[in-house]
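Hi,

Here is the structure I promised to pass on to you. Have a look at it first, and then read on for my notes on its internal space and its charged pairs.

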Amino acid sequence: MAGMHLGLAQSLELEQRLTQAQRIQLNQRIFGLRMELVQALRGDLYRPEGVCPNCGRKMTATEVIRGFNTDPNDFTTCCTGCGFRFEPELICVGEISTIRLPFYCGCQALHRLGLAGMANFSPEQLSMEYPAIYRSVIVHYGGIRQAFREIGVDYPFQEISDWRNKVVPFLGRLRDTIIAECVDAPVSVIRRMRKKLGIAKFTVRKIVEEANED
Ligand SMILES: [Zn+2]
C-alpha cells in the first residue's frame, strides 16, 4: 500500500478503523498543527492548558476543549481523569514573553465578542483590551473576522495579509478548509495553491504516517 494513492473511501475506512485512543491522538495532532499554522501567521504560539487541581492530571488541548459546557457563563472544563470542573488557561508564547490568560470556549468567546461596540475595536485594540477573548477566538475560529461572521457581524478590519508563503509548509498536512479558515480566504484559493505546487490533499493516512515518522 505504501506510496499508493488513497481514495476518499479508503481514507474514511482507515479513520473508522482507528481505535478511540488513536482518534484522540489524531485530533490532538491536527489541533497542534493548526496552532503551528496560527504561530506561523501571527508569531505567537497558543497552548490551551488544563492541569486538574483535584487529581493533578495534565489534559491535552483537545480534552480541555471537549470538556467545556456550551454555557457563556460557565468557564470550567471537565477533568478527564476525575470529573472535577476547573478553569483552564491559555498559554501564549511570544518572542519576548510568555503570558497566561483565562481560556474561553468558542461559545463564551463569541458571546463576549457580540457585546455592544466590540466590532469597533481594531485587532490591536482587542488584543490589548481583551487579551483572553481575542486569543481564545483565534484558537477556535482562526481569526476575529471569522468569529464576527459567525454572529452575523461584518468586521471591517483586515488581520493577516501576507499569508501566502507562510501557509506553504502546511498545505496537504492540514485540510484545505482549516487553512482557509485560519487565513480567512476562500477554500478554492487554498486548493488552487496546493494543486499548483503538486501537493496531494490532506488524508487521515498522511497524518498517521507523518506521526509514525516522529
Ligand atoms: Zn482530575
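**What turned up**

Searching the whole structure gives one cavity of 30 Å³ or more. Please keep in mind as you read that this is a predicted model.

**The cavity**

The space in this largest cavity comes to about 60 Å³. Which residues line the largest cavity? They are Arg42, Arg145, Gln146, Gln158, Glu159, Ile160, Cys182, Val183 and Asp184. Sorted by class, four of the lining residues are charged, three are nonpolar and two are polar.

If you want to find the place on your screen, look for helix 7 (144-150) and helix 9 (176-183), since each of them supplies at least two residues of the lining. The lining also draws on two domains: at least three residues come from domain 1 (8-42 + 161-214), and at least three from domain 2 (44-159).

**The salt bridges**

How many salt bridges does the structure hold? There are nine, and I picked out three of them for you.

One joins Glu181 to Arg34, with 3.2 Å between the closest N and O atoms. This pair links distant parts of the chain, as Glu181 sits in helix 9 and Arg34 in helix 2 (residues 20-42), 147 residues apart. Are the two partners buried or exposed? Arg34 counts as buried because its relative accessibility is 10%, under the 20% limit. Glu181, with a relative accessible area of 26%, is partly exposed.

Helix 9 comes up again in the pair of Arg194 and Asp176, whose closest N and O atoms are 2.8 Å apart. Here Arg194 belongs to helix 10 (residues 187-196) and Asp176 to helix 9, and the pair links distant parts of the chain, 18 residues apart. Both partners are buried: Arg194 has 5% relative accessibility, and Asp176 has a relative accessible area of 11%.

The third pair is Glu89 with Arg100, where the closest N and O atoms lie 2.9 Å apart. Glu89 is in strand 5 (residues 89-93) and Arg100 in strand 6 (residues 98-102), so this salt bridge ties together parts that are 11 residues apart in sequence. Glu89 is partly exposed at 30% relative accessibility, and Arg100 is partly exposed as well, with a relative accessible area of 48%. This pair also has company: through salt bridges that share partners, Glu49, Glu89 and Arg100 form one network.

Happy browsing, and do write back with any questions.

Best wishes

Note on methods:
Residues numbered from 1 in each chain as written. Predicted model: local features only at pLDDT ≥ 70, side-chain atom pairs only at ≥ 80, totals over all residues. Heavy atoms only, no water. 1 Å grid on protein atoms, 1.4 Å probe; cavity = no way out; pocket = protein on both sides within 12 Å on 5 of 7 lines; lining within 4 Å. Points joined across faces, edges and corners; volume = space filled by probe spheres on them. Helix = DSSP H or I, 4+ residues; strand = E, 2+ residues; numbered from the N terminus. Nonpolar A, V, L, I, M, F, W, Y, C, P; charged D, E, K, R; others polar. Domains from an automatic or database assignment. Salt bridge = Lys/Arg side-chain N within 4 Å of Asp/Glu carboxyl O. Buried < 20%, exposed > 50% of the residue type's maximum accessible area, 1.4 Å probe, protein only.
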